[in-house]
Amino acid sequence: PVLSVPPCMFRIRHALLLILQTGNSFTTLGTPFFRGYLGSAALSKKRPSMDTPSTPSEASDKKQKGNGEEDDSKGNGGHAMLYLCRHGETYWNAEARIQGQTDTELNDKGIHQAKLLAQAMEKWPCTALISSDLKRAYNTAEILREGWVKAGREVPKLIPDKRLREIHAGDLQGKLTHSKEVEGLRKGLYRRWKCGEEDAKYPGGGESLLDLVTRAYKALDDAAIRAGNGGHAVVVCHGGLMRSVVTDILRKERRKMPMPPATNCCVCTFRYDLSTKKITIV
């Protein structure tokens with residue numbers, strides 16, 4: 001007899017395989033994370049250990065010691081850790097509308113997600129707290145800070161940075177993502193970006209992929225400098241910016257990996273070399 005398997009089971013199987021390959025099995029208090037081992041573990045013949053450290057700072061220290069590298073936080077330029085967090089859900093997220101730089105606000109679910117993220121990151125070190133100046137990101141960062149202050153932590157001042165905004169999607173902002181018009185324009189634009197035309201812009205005064213990545217790297221440079229040698233910067237921003245930075249890093253390192261979805265209030269961890277300005281995925 002032929003066993004009929006629903007299509008959704010194949011998607012579940014793919015998700016499970018991705019978790020096993022990358023070690024990205026992080027779901028804390030209902031808040032999805034994608035951090036740790038992205039790319040390098042899947043390319044390695046040795047399966048990554050699932051006994052993960054309790055905090056990203058421990059992960060960084062463990063990685064350096066395991067590779068026989070010296071801790072360069074005391075010299076040679078040092079390094080800083082960057083924790084990029086996506087904002088909580090908005091009303092337009094729930095409606096599947098393209099936000100771009102439209103200044104939308106968090107809905108009740110998004111506020112709850114931000115509170116859960118604050119709890120999940122309560123013991124994570126933070127020497128700099130920076131956010132996109134758009135409400136959905138800035139309010140998420142405010143909730144993080146309020147939660148940490150209530151927990152008795154010393155938390156740095158929240159700094160807004162407009163360079164961390166989402167990509168400006170031009171005429172597509174406010175439109176439903178599944179409409180035929182949007183799907184057609186996006187596919188054409190993404191195809192051009194993949195073919196090397198990274199300066200191709202969204203129609204109607206929008207930005208290009210090159211515009212987004214250029215300003216994002218400048219903002220991350222300053223965030224790492226603000227965090228300081230051996231410091232930790234929490235950066236609250238947007239899904240498109242996060243995906244673009246991760247994709248660009250993987251491309252530069254010639255790594256081919258499936259891109260995890262940048263869900264609301266997810267976190268991606270990077271190590272920033274202060275002497276070379278090189279960013280690597282931890």
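# A tour from helix α6 to helix α9

Start by selecting Arg136, which is found in helix α6, residues 135-150. The model on screen is a predicted one. Arg136 is buried, with a relative accessible area of 1%. Show what surrounds Arg136: leaving aside its neighbours within four places in sequence, this residue is in contact with His87, Gly88, Thr90, Gln99, Gly100, Thr102, Asp103, Thr104, Leu106, Glu166 and His238. Several of these are later stops.

**Stop 2: the annotated residues**

Now select the residues that UniProt, in an unreviewed entry, annotates as "binding site": Arg86, His87, Gly88, Glu89, Thr90, Tyr91, Trp92, Asn93 and Arg136. Of these, the lining of the largest pocket includes Arg86, His87, Trp92, Asn93 and Arg136.

Next, narrow the selection to His87 and Glu166, where the unreviewed UniProt entry places the feature "active site". They are spread over 80 residues of sequence but cluster in space, with a largest C-alpha distance of 10.8 Å. The lining of the largest pocket includes both His87 and Glu166.

**Stop 3: His87**

Centre the view on His87, in the loop between β3 and α4. Is His87 buried or exposed? His87 is buried, with a relative accessible area of 1%. A polar contact of 3.4 Å joins its side chain to that of Arg136. Not counting residues up to four places away in sequence, His87 also touches residues including Ala137, Thr140, Val236, Cys237, His238, Asn264 and Cys265.

**Stop 4: Glu166**

Move to Glu166, in the loop between β5 (158-160) and α7 (180-194). Glu166 is buried, at a relative accessible area of 11%. A polar atom of the Glu166 side chain lies 2.9 Å from the backbone nitrogen of Gly240. Beyond its neighbours within four places in sequence, the contacts of Glu166 include Arg136, Glu207, Leu212, Arg215, His238, Gly239, Gly240 and Leu241.

**Stop 5: Asn93 and Gln99**

Select Asn93, which lies in helix α4, residues 91-95. Residues up to four places away in sequence aside, Asn93 touches Arg86, His87, Gly88, Gln99 and Asn264.

From there go to Gln99, in the loop between α4 and α5. At 7% relative accessibility, Gln99 counts as buried. With which side chains does the side chain of Gln99 make a polar contact? One is the side chain of Thr90, at 2.6 Å. Another is the side chain of Thr104, at 2.6 Å. Leaving aside neighbours within four places in sequence, Gln99 is in contact with His87, Thr90, Trp92, Asn93, Thr104, Arg136 and Gln173. To see a link across the sequence, pick the C-alpha atoms of Gln99 and Ala169: these residues are 70 apart in sequence and 7.7 Å apart in space.

**Stop 6: Asn107**

Stay in the loop between α4 and α5 (108-120), and select Asn107. Asn107 is buried, with a relative accessible area of 7%. Its side chain reaches two backbone atoms that can be picked in turn:

- the backbone oxygen of Thr90, at 3.2 Å;
- the backbone nitrogen of Gly110, at 2.7 Å.

Not counting residues up to four places away in sequence, Asn107 touches Glu89, Thr90, Tyr91 and Ala94.

**Stop 7: strand β3**

Switch to a cartoon view and select strand β3, residues 79-86. Eight of its eight residues are buried. Both faces are covered, with His79, Met81, Tyr83 and Cys85 on one side and Ala80, Leu82, Leu84 and Arg86 on the other.

Add strand β7 (residues 267-273), which runs antiparallel to β3 and is joined to β3 by seven bridges. The bridge partner of Tyr83 in β7 is Thr269. Then add strand β6 (residues 232-237), which runs parallel to β3 and is joined to β3 by six bridges. In β6, His232 stands opposite Met81.

**Stop 8: helix α9**

Finish at helix α9, residues 239-252. Its 14 residues should span 20 Å at 1.5 Å a residue, and its end C-alpha atoms are 20 Å apart, which agrees. How many of the 14 residues of α9 are buried? Ten of them are, and the helix is mostly covered. The buried residues are Gly239, Gly240, Leu241, Met242, Ser244, Val245, Val246, Asp248, Ile249 and Leu250. Show their surroundings: what covers them includes β3, α8 (209-227), β6, β7 and β8 (279-281). Last, select Arg254, which follows α9 and has a positive phi, near 55°.

Conventions: Residues numbered from 1 in each chain as written. Heavy atoms only, no water. Buried < 20%, exposed > 50% of the residue type's maximum accessible area, 1.4 Å probe, protein only. Helix = DSSP H or I, 4+ residues; strand = E, 2+ residues; numbered from the N terminus. Pairing = 2+ DSSP bridges. UniProt positions renumbered as here; feature names shortened; annotations may be inferred. 1 Å grid on protein atoms, 1.4 Å probe; cavity = no way out; pocket = protein on both sides within 12 Å on 5 of 7 lines; lining within 4 Å. Contact = heavy atoms within 4.5 Å. Polar contact = N/O pair within 3.5 Å; in protein donor to acceptor, adjacent residues only side chain to side chain. Expected span 1.5 Å × (residues − 1).
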